[in-house]
Each structure stands twice: as C-alpha cells, then as structure tokens.
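Colleague: I am new to reading protein models, and I would like a close look at a single part of this one. Could you walk me through it slowly?

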Amino acid sequence: MSGTGTLTRADLAESVNRHIGLSRAEAATIIESILEHMSSALERGENVKISSFGTFVLRDKTQRMGRNPKTGVEVPIEPRRVLTFRASQTMRDRVAHM
C-alpha cells in the first residue's frame with residue numbers, strides 16, 4: 001500500500017505483479033479490466049457482488065423535501081440513483097478483529 005493509508009490501483013497492480021508474477025503493465029491491465037467490467041455492470045443497473053468481500057448496490061431515491069441548514073428554507077431534492085456498498089459478513093468480521 002502506498003504510504004497514504006489508501007489502497008490505490010497502482011497498489012493492486014503491484015500486488016498482482018508480486019503474487020502472480022505478471023509484468024507491471026499486464027497486472028495494471030488486468031486491474032483496469034476488472035474495474036471497467038464492474039463499472040459497466042453498474043451503469044447497466046446491475047448490482048456487483050464479490051463473494052467474501054461485499055456487494056455494490058444501486059438504489060433509486062425518490063424526490064423528497066430537504067432543508068437548507070443555514071437558512072432553514074425547504075427545498076426539493078431531486079430523485080436520483082445512488083451507489084452503496086454492503087460489506088459481507090466475512091469482511092465485517094475481518095475488519096472488526098483488527
């Protein structure tokens with residue numbers, strides 16, 4: 001992992017490079033391909049489930065009234081689609097035992 005506390009695409013490619021022995025370029029291509037496949041599925045409205053990791057879920061939110069916290073004025077919030085992540089029980093257990 002890079003020293004920032006955040007796992008990046010480069011970190012994933014480096015891990016594939018070390019563990020599988022592919023070149024850095026090949027590893028980066030595989031990571032990009034996986035991420036592109038996931039993104040395309042989400043664009044089509046499909047959820048993405050990765051066993052023992054979690055599920056990326058699309059939710060459609062309806063229009064609702066919100067309030068500007070500064071002025072207190074009510075404003076409509078337009079309907080929208082949001083992406084959420086639900087960690088698997090296995091991942092929750094791993095994170096809880098850190």
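Modeller: Here is a walk from the whole chain to one residue, and then on to a core and a hairpin.

First, some ground rules. This is a predicted model, in which local features need pLDDT of at least 70 and side-chain atom pairs count only at pLDDT 80 or more, while totals for chains, interfaces and linings use all residues. Residues are numbered from 1 along each chain as its sequence is written, and side-chain values use heavy atoms, leaving out hydrogens and water.

Now the overall picture. The protein has three helices and five strands; these are DSSP runs numbered from the N terminus, with at least four residues (H or I) for a helix and at least two (E) for a strand. Along the sequence they follow the pattern α-α-β-β-β-β-β-α. Of the 98 residues, 19% count as buried, a word that means under 20% relative accessible area, with exposed over 50% and partly exposed in between (1.4 Å probe, protein chains only).

Our single part is asparagine 17, which sits in helix H1 (residues 9-20). Is asparagine 17 buried or exposed? With a relative accessible area of 16%, asparagine 17 is buried. Its side chain reaches the backbone oxygen of leucine 22 at 2.6 Å. Leaving aside residues up to four places away in sequence, asparagine 17 touches Leu22, Ser23, Arg24 and Ala27, where contact means heavy atoms within 4.5 Å.

Next comes the core. The largest nonpolar core has five residues, Met38, Ala41, Leu42, Val48 and Leu58. Such a core is a set of buried Ala, Val, Leu, Ile, Met, Phe, Trp, Tyr and Cys residues joined through side-chain atoms within 4.5 Å. Helix H2 (residues 24-43) gives the largest share of this core, three residues. Leucine 42 touches Val48, Phe56, Leu58 and Leu83, again not counting residues up to four places away in sequence. In soluble globular proteins, nonpolar side chains tend to be buried together.

Last, the hairpin. Strand S3 (residues 64-67) and strand S4 (residues 74-77) run antiparallel and are joined by four bridges; strands pair if DSSP finds at least two bridges between them. Arginine 67 has glutamate 74 in S4 as its bridge partner. Six residues lie between S3 and S4 in this hairpin, and glycine 72 in the turn has a positive phi of about 80°.

Conventions:
A polar contact is a pair of N or O atoms within 3.5 Å; within protein, one must be able to donate a hydrogen and the other to accept it, and residues adjacent in sequence count only if both atoms are side-chain atoms.
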